[in-house]
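Work through the exercises below with the coordinates open. Each task is followed by a solution in steps.

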Amino acid sequence: MIAFDSVAYSYGGAGLLSEVSLRLAPGSFHFLTGPSGSGKSTFLKLCYAELRPTAGRISIFDRDVRSLDRDDIARTRRRIGIVHQDCQFLDHLPLAANVALPLTVTGRDTPVQDLSDLLAWVGLGHLADALPPSLSGGERQRAALARAVIIAPDVILADEPTGNVDWEMSLRLLSLLVELNRMGKTILVATHDLTLIRTVKQQVAARVLRIRNQRVQLAGADL
Amino acid sequence: MVLRHAERVVPPSGPSAWLTTLTSAAMAFLAVFALALALASGRLADRWTEGLANSATIRISAPADQMDRQTQAVLDLLATTPGVALARALTDDEQRKLLEPWFGPDLPLDSLPIPRLIEVTEDGTGYDGEGLRLRLAAEAPGAILDDHARWRVPLAVAAGRLRILGVVSVVLILGTMAGMITLAANAALATNAQVIRVLRLVGARDAFIARAFVRRFTLRALSGAAIGTALGMLAVAALPSADAAGGFLTGLGFQGAGWLWPLVLPPLAAVVAFVTTRNAAFGKLREMM
């Protein structure tokens, strides 16, 4: 799905990631952890081609990101569901329209029943007409997840999806991601919450990646 | 039942919205007057060029007792001049009408030393002006040939240049409109940077994002230009008619099919908005990852 081969990324002369080599296999579940500012968000942005590596090679769906033009990147992102910590909605559109946005931008119509089912799945069926600014943190995160999955992506990347929600909501969000993984989706969740990782690992065979000293390593028993 | 939001992904309000409409309306209003100027100048140039191109006037200034004799001599001379199709002396009534705008209707023509005017119409080949002047000097010393070139040519040139100025004004107005719309589009794109980021994140192609802005700006320019054109046409229609007062300024306006020309402005403004917004949008989007 997504493969890093000796990838490095630096910004303004400062190195953030170096010598990163890994592969996200289809149907796998990965956590990415590390302290704030360690490069977790940068790593995710490299995964969906918002950033390009300064060295090395990244392949997304078997295509080198350097060979992707802007339209290719757009098409690639239609196969990747992205859940951001700050969610990023269009505040002037109701929740249902925001969730349907990935289909709208491809010119596809969204059957209302499908949309209702999806919103009900994330527990937001009653908020279809609400505007994003009126939603709580947990509701926004669940809406972001619904938006990420509406286009049936192959990969779901979540950047601190539980950053603004309480423990109960964190578990609920993660259980949705686990459910998606069981449906065959490849999941990568960036989080600094080790307790959450430990709890979720009891439900799913997840691998944990840790960023340390600009390198991405597989975390062991010390987690 | 489906949800359709493709045209709504960009927030509808903002200063760029009314700025584009207002600019288009104002520019179209001005363009209507520039068009009116160009068309009126064109008519004037054509009239002066074509209407007087094949005519000349012979002015005879002679003592009253010699006037008839010199007039007849000139007419006889013209009758045998190659290139002259028609020559006739203006009647007193015709001369009175010519002078009426300056001296009023009750001009005592008999008591004033008014020169006799002979209207000369050329045929297709034209006459030898210099030769005619020499013959007139010999046959009728008080006769002076005026082929109108002295005033007709510079006036026709001036009218032609006014027409060019009018057309240039329309082009400049459209160029200014393009500049204003580009600025407004860039402002709208900058204001909606977050919207664009979200759209890119969910897989929108640049063409989709640009289309949302282009459609909006094109419609605003079209509606603004339609309003401005309508107001401009009303203003031109409200100008005093040429028949009532005469002269170039009162002839400023549209005649006949000329009234259709301003109707070109709204679609033209829409095309300008379409092209400029599209260029601005793609330029701005290329700056974003």
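**Exercise 1: surroundings of a helix**

Task: decide how far H6(A) is enclosed by the rest of the structure.

Solution. The model is predicted. Step one is the count: eleven of the 13 residues of H6(A) are buried, so this helix is largely enclosed by the rest of the structure. A residue counts as buried if 20 or more other C-beta atoms lie within 10 Å of its own. Step two is to list the buried residues of H6(A): Glu139(A), Arg140(A), Gln141(A), Arg142(A), Ala143(A), Ala144(A), Leu145(A), Ala146(A), Arg147(A), Ala148(A) and Val149(A). Step three is to find the cover, which includes strands S6 (80-83) and S8 (155-159) of chain A, together with helices H3 (95-99), H4 (101-104), H5 (112-121) and H7 (167-182) of chain A.

**Exercise 2: helix length**

Task: compare the expected span of helix H6 (residues 137-149) of chain A with the distance between its end C-alpha atoms.

Solution. With 13 residues at 1.5 Å a residue, H6(A) should span 18 Å. The end C-alpha atoms of H6(A) are 19 Å apart, which agrees.

**Exercise 3: domains of chain B**

Task: state the domain bounds of chain B and the separation of the domain centres.

Solution. Domain 1 of chain B covers 10-43 + 160-287, and domain 2 covers 53-147. Their C-alpha centres lie 53 Å apart.

**Exercise 4: the side of chain B that touches chain A**

Task: describe this side by element and by residue class.

Solution. Contacts join 21 residues of chain B to 26 residues of chain A. On the chain B side, strand S1 (2-3), helix H6 (193-201) and helix H7 (206-237) each give two or more residues. H6(B) supplies the largest share, five residues. By class, this side of chain B has 14 nonpolar, two polar and five charged residues.

Key: Residues are numbered from 1 along each chain as its sequence is written. Chains are lettered from A and ligands numbered from 1 in the order in which they are written. This is a predicted model: local features need pLDDT of at least 70, side-chain atom pairs count only at pLDDT 80 or more; totals for chains, interfaces and linings use all residues. Helices (H or I, at least four residues) and strands (E, at least two) are DSSP runs, numbered from the N terminus. The expected span of a helix is 1.5 Å times one less than its number of residues. A residue is buried if 20 or more other C-beta atoms lie within 10 Å of its own, exposed if 12 or fewer, and partly exposed in between; C-beta atoms are placed from the backbone. Two residues are in contact if their C-beta atoms, placed from the backbone, lie within 7 Å. Domain bounds come from an automatic or database domain assignment. Ala, Val, Leu, Ile, Met, Phe, Trp, Tyr, Cys and Pro count as nonpolar, Asp, Glu, Lys and Arg as charged, and the others, Gly among them, as polar.
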